[in-house]
Amino acid sequence: MNRSPSVASAGLVLAAAVGVFGIAFGAGAVSAGASLWQACAMSLAVFTGASQFSAVSVVAAGGGTVAALGGATLLAARNGVYALAMSRLLADSALGTRLVAAQITIDESTAMATAAGHGPEARRAFWVTGIGVYVFWNLGTVIGALAGSAVDPGVFGLDAAFPAGFVAMLAPLMSQPAHRAAAIGGAAICLVAIPILPVGLPILCAAVAVVFGVRR
Amino acid sequence: MTWTLVIVLAVLAYTFKVTGMVLAAGRHLPPVIDRALSLIPAALIAALVVNDTLGSAGALTVDARAAGVGAAVVAAWRRAHLIVVIILGAAVTAAVRALGWLA
């Protein structure tokens, strides 16, 4: 990323913000009836923030396992679409490496890798961000689950920290017509779909917007 | 919270990730497909920005987040550093929220 002297420092800021959400998740999960082990197992194994928050909020509202799974699954699906793109970046990696990479394929690692361009720089951005977010998300979960008192990330505006960061990561791509067309198309599809489709689906549907870009 | 929920969600979440990671890996794809795959992050991350800025439980709302992300767009446009953009977005959102504007 030419406007960023250090991928590591930017990744760390994102990871720290994720840590605060981890605390909120840990505390929320325990207050929804999860044990410390369940909260930690979820963050270690599911590692998809939006999906985990969705599952916990359904359980907290008295919903059952099936209801909680429905919404959470829709929110977890987009990582599979990211992985399609990231697999091209990691094409030369061994299968074992790619199986590990799969677990840390999330919004933040994908966006940072894409903003960093191609080749070794992009791979480094992917791993640094993915591992950093993984560590802080899980640390936060333990702290929140043990402390039990929820912090509200909204007080610090941290719910806007992620879309703000993603805007900055998209910015260098906007000078390329194909990426610009895909981004504008994706944003437009999501905007139209939010009031119509269940949470999680609007972002998935935005993948269709790549057709606006391939023709450029 | 049941262990069934934790385990099934973990299996599903990893299955999505692994499927995407191995489906097209190591294969020589037609250039148009390769190009389409390379554009996925731009399309989905832009959608995510819209979702995280204006989305609220299946509805569109303009609240403090819109002010923060609006400020972030201006800062990114003026080539501010990523860390500056992130902190600005959060700070403006927190301030607007604290003042009770766009509640």
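pLDDT is the predictor's confidence in each residue, from 0 to 100. The model worked through here is predicted, so that local features need pLDDT of at least 70 and side-chain atom pairs count only at pLDDT 80 or more, while totals for chains, interfaces and linings use all residues. Residues are numbered from 1 along each chain as its sequence is written, and chains are lettered from A, with ligands numbered from 1, in the order in which they are written.

**Exercise 1. Establish what confidence the predictor assigns to chain A, to chain B and to the complex.**

Begin with chain B, whose mean pLDDT is 94, with 99% of its residues at 70 or more. Chain A has a mean pLDDT of 93, and 98% of its residues reach 70 or more. Among the elements of chain A, α1(A) has the lowest mean pLDDT (91) and α2(A) the highest (98), where helices (H or I, at least four residues) and strands (E, at least two) are DSSP runs numbered from the N terminus. Over residues 1-5 of chain A the pLDDT is below 50, although this stretch has 11 contacts in the model beyond near neighbours in sequence; two residues are in contact if their C-beta atoms, placed from the backbone, lie within 7 Å. Finally, the complex as a whole receives an ipTM of 0.94 and a pTM of 0.94.

**Exercise 2. Describe the side of chain B that touches chain A, by element and by residue class.**

The contact takes 68 residues from chain B and 88 residues from chain A. On the side of chain B, the elements that give two or more residues are α1 (3-23), α2 (31-54), β2 (59-60), α3 (64-77) and α4. The largest share, 21 residues, comes from α2(B). By class, this side of chain B divides into 47 nonpolar, 14 polar and seven charged residues, with Ala, Val, Leu, Ile, Met, Phe, Trp, Tyr, Cys and Pro counted as nonpolar, Asp, Glu, Lys and Arg as charged, and the others, Gly among them, as polar.

**Exercise 3. Work out how α1(A) packs against α4(B), and which residues make the contact.**

The axes of α1 (residues 7-31) of chain A and α4 (residues 82-99) of chain B come within 9 Å and cross at roughly 20°; such axes are lines fitted to C-alpha atoms, for helices over the stretch in contact, and angles run from 0 to 180 degrees between N-to-C directions. That angle makes α1(A) roughly parallel to α4(B), because angles under 35 degrees count as roughly parallel, over 145 as roughly antiparallel, 65 to 115 as roughly perpendicular and the rest as oblique. Ser9(A), Ala10(A) and Val13(A) of α1(A) meet Leu82(B), Ile83(B) and Ile86(B) of α4(B). By class, this contact has five nonpolar, one polar and no charged residues.

**Exercise 4. Repeat the analysis for α2(A) and α1(B).**

Helix α2 (residues 36-45) of chain A and α1(B) pack at an angle of about 5°, with their axes 9 Å apart, which makes α2(A) roughly parallel to α1(B). On the α2(A) side the residues are Gln38(A), Ala41(A), Met42(A) and Ala45(A), and they meet Trp3(B), Val6(B) and Ala10(B) in α1(B). The residues of this contact divide into six nonpolar, one polar and no charged.
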